[in-house]
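Subject: Structure handover

Hi,

Here is the structure for you to look over. My notes follow below it.

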Amino acid sequence: MRIKHFLLAALVLTGLTASAQAPQRLTVQVNKPGAMISPHMWGVFFEDINFAADGGLYAELVKNRSFEFNDPMMGWNEVKKDSGKGRILMVNRGKENENNPRYARITVDAAMGAYGLSNEGFRGIGIEKGKAYNFSMWANAPQGKSLKARILLLDENGQQIGAASLNGFGDGWRQYKVSLTATATAAKARLQILFSGQGAIDADMISLFPAATWKQRPNGLRADLVQMLADLKPGFVRFPGGCIVEGRDLANRYQWKKTVGKPEERKLIINRWNTEFSHRSAPDYFQSFGLGFFEYFQLAEDLGAAPLPILNCGMACQFNTREVAAMNELDPYLQDAVDLIAFANGDTTTQWGALRAAMGHPAPFNLTMIGIGNEQWDEQYIERYRVFEATLKAKHPEIKLVSSAGPFSKGPMFDYLWKELKASQADFIDEHYYMPPEWFLANASRYDHYDRSQGPKIFAGEYAAHTKEAKEAESRNTWGSALAEAAFMTGLERNADIVRMASYAPLFAHVEAWQWRPDLIWFDNLRTVGTPNYYVQQLFSANRGTQVVPVLRNGEVLAGKDSLYASAVIDAPSRKLLLKIVNASSAPVQLELQLEGAAAKGAAVQQILSAPHPGDFNTLGSPNKVVPTEKQLSATGKQLRITAAPASLNVVAVPYR
Ligand code: AHR
């Protein structure tokens, strides 16, 4: 999170020299398989930024469902219909229910008309014709047993597009449920709850979910957004961030224990991105934690990905308050880490394993790694990291630890952390680079010369090529930025012996509610779009392979000379060579691939991602401007010819014998 991020220049592909003339020969040494590619190599970084969780992946459609935002009526409006009259009071029962203190007391005064409230959703409510929506509400109505409720969905023009009724309210808190089917589609619908009759009703946790959540789960996730993740075939899911782990101060940090158990008992807090950027402030951005640690583990499992939780290590965001827990008060933080391992992996007879089972998952989640702190730096980090390391390595040697290299790609802070962590038992060091596209192009060989004798492996945990343009939300996700990332990723793949994991960041952004861009996937209330950067990630991830093989031109790796970049892997089980070639020049390049130690067998496939202009990008309205295309290549013997189009990423899959 640095001002610098917002001052970066756009990529212009100029003065590039590769020619379309004689084919250049690339030798692919299929007979020299090297490092094993980690099954976790290409993963996703999830953070609740840009309305990625509430208003995004978490499918709840009601904003401020439990009236716990700072302004309890935020998102809600009073509604009087046909001379209906009444009052709404916000009652606080903090002593009785510390986690969910407020509820609405709705008193209906007039015998005629109807009275109640409406919810605006997260920048509106996305409703689709013919789909079912599950409404629920906790209510207590000792003085409102005869009240009748109408639950209505209204489109942008106030037209009814869904309706259901609830009655039979009674004494004592109880959850009331009803399902509605939408008669029309609306991207910005509203929900109304209108009471007729006379009396008072207490209402809380007023909720609306699509029935078709991912795997139809109650309290579930938006299916189209999860599908976008599934299509990436991620090797790991890092959660819950990012700076959100740290909080602006320690009170605002992410505490996983407060995100598990019954949704109505999870204590809401302000989202740190609510106020982070004044030009993109989001006063209605809170964390309901309806999407909590159980759901994150379940998501990772659904995606066939390894879970990678990042925990607070007693440090709030160093860009903000710089608050740290005193060294003699680190125990609760450490205990959270120990208990998380029990929650994920522990026997169901243990306290935390039992909670996991009670939430519906008796089997372990197979947690194998944990991040200690997010983007931390300096001595205060190392001091605290060592406390975690000592305890966790002793108690749980099976769990790998991810540690921080700070927010910058190099410099004294970075060097200091590497020196200390090398001397330590760190398993992975989390390097971050939010840099201009030019940096990614120039740094494709970053890891070619990294010291292999250093203990820790690399987790390229947050990266994205940042350009400055322009107006539309999605417009910083240019083809030029994606191409630069692809070039850089060939360097990650080539160095898979030390680079074991990598993830673009951030993952999701709502087009009307973002704080940070570029992002991998954009969405609104009904639609989603993959950016060019998304397709780059997908092409690498879907073609991960099992072992690196050398690809050379004149005996040298291709890491930017003549604007060409390449890496190659084999997928041993399917006996396929998977070659990635980036041509970052403005001219086509003819390539002759010479296979060593193998011969092509059957049809090869070339997947191509390209666009005419570096500034091209996909939008929700025009999602297919930059998407992969495919062509068959005839391949027999040891030679194969391909053309790498100007400014293109090419993934060539060659079955071999
Ligand atoms: O990805 C956005 C932010 O960038 C993350 O929260 C933080 O780790 C980094 O500064």
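**Cysteines**

The structure holds zero disulfides. Keep in mind that this is a predicted model.

Why is Cys243 not in a disulfide with Cys317? A disulfide needs two cysteine sulfur atoms within 2.5 Å. The closest cysteine sulfur to that of Cys243 is in Cys317, 4.4 Å away, so the pair is too far apart for a bond. Cys243 is buried, at 6% relative accessible area.

Cys313 also lacks a bonding partner, because the closest cysteine sulfur, again in Cys317, is 12 Å from its own. Cys313 is buried too, with a relative accessible area of 0%.

**Ligand site**

Cys243 turns up again at the ligand. Twelve residues surround the ligand. The closest are Glu47, Cys243, Glu375, Tyr434 and Glu462. By class, the shell has seven nonpolar residues, two polar and three charged.

Which side chains place a polar atom by an oxygen atom of the ligand? Three such pairs are listed here:

- Glu47: a polar side-chain atom is 2.5 Å from a ligand oxygen.
- Tyr434: the distance from a polar side-chain atom to a ligand oxygen is 2.6 Å.
- Asn374: a polar side-chain atom lies 2.9 Å from an oxygen of the ligand.

How much of the ligand does the protein cover? On its own, the ligand has 280 Å² of accessible area, and the protein covers 100% of that. And where does the ligand sit? Its place is the second largest cavity.

**To recap**

There are zero disulfides. Cys243 and Cys313 are both buried. The ligand is 100% covered by protein, and polar side-chain atoms of Glu47, Tyr434 and Asn374 each pair with a ligand oxygen at the distances above.

Best regards

How values were computed: Residues numbered from 1 in each chain as written. Predicted model: local features only at pLDDT ≥ 70, side-chain atom pairs only at ≥ 80, totals over all residues. Heavy atoms only, no water. Near = heavy atom within 4 Å. Polar contact = N/O pair within 3.5 Å; in protein donor to acceptor, adjacent residues only side chain to side chain. Areas by Shrake-Rupley, 256 points an atom, 1.4 Å probe, with all protein chains shown as cover. 1 Å grid on protein atoms, 1.4 Å probe; cavity = no way out; pocket = protein on both sides within 12 Å on 5 of 7 lines; lining within 4 Å. Sits in = over half its atoms within 2 Å of the grid points. Nonpolar A, V, L, I, M, F, W, Y, C, P; charged D, E, K, R; others polar. Buried < 20%, exposed > 50% of the residue type's maximum accessible area, 1.4 Å probe, protein only.
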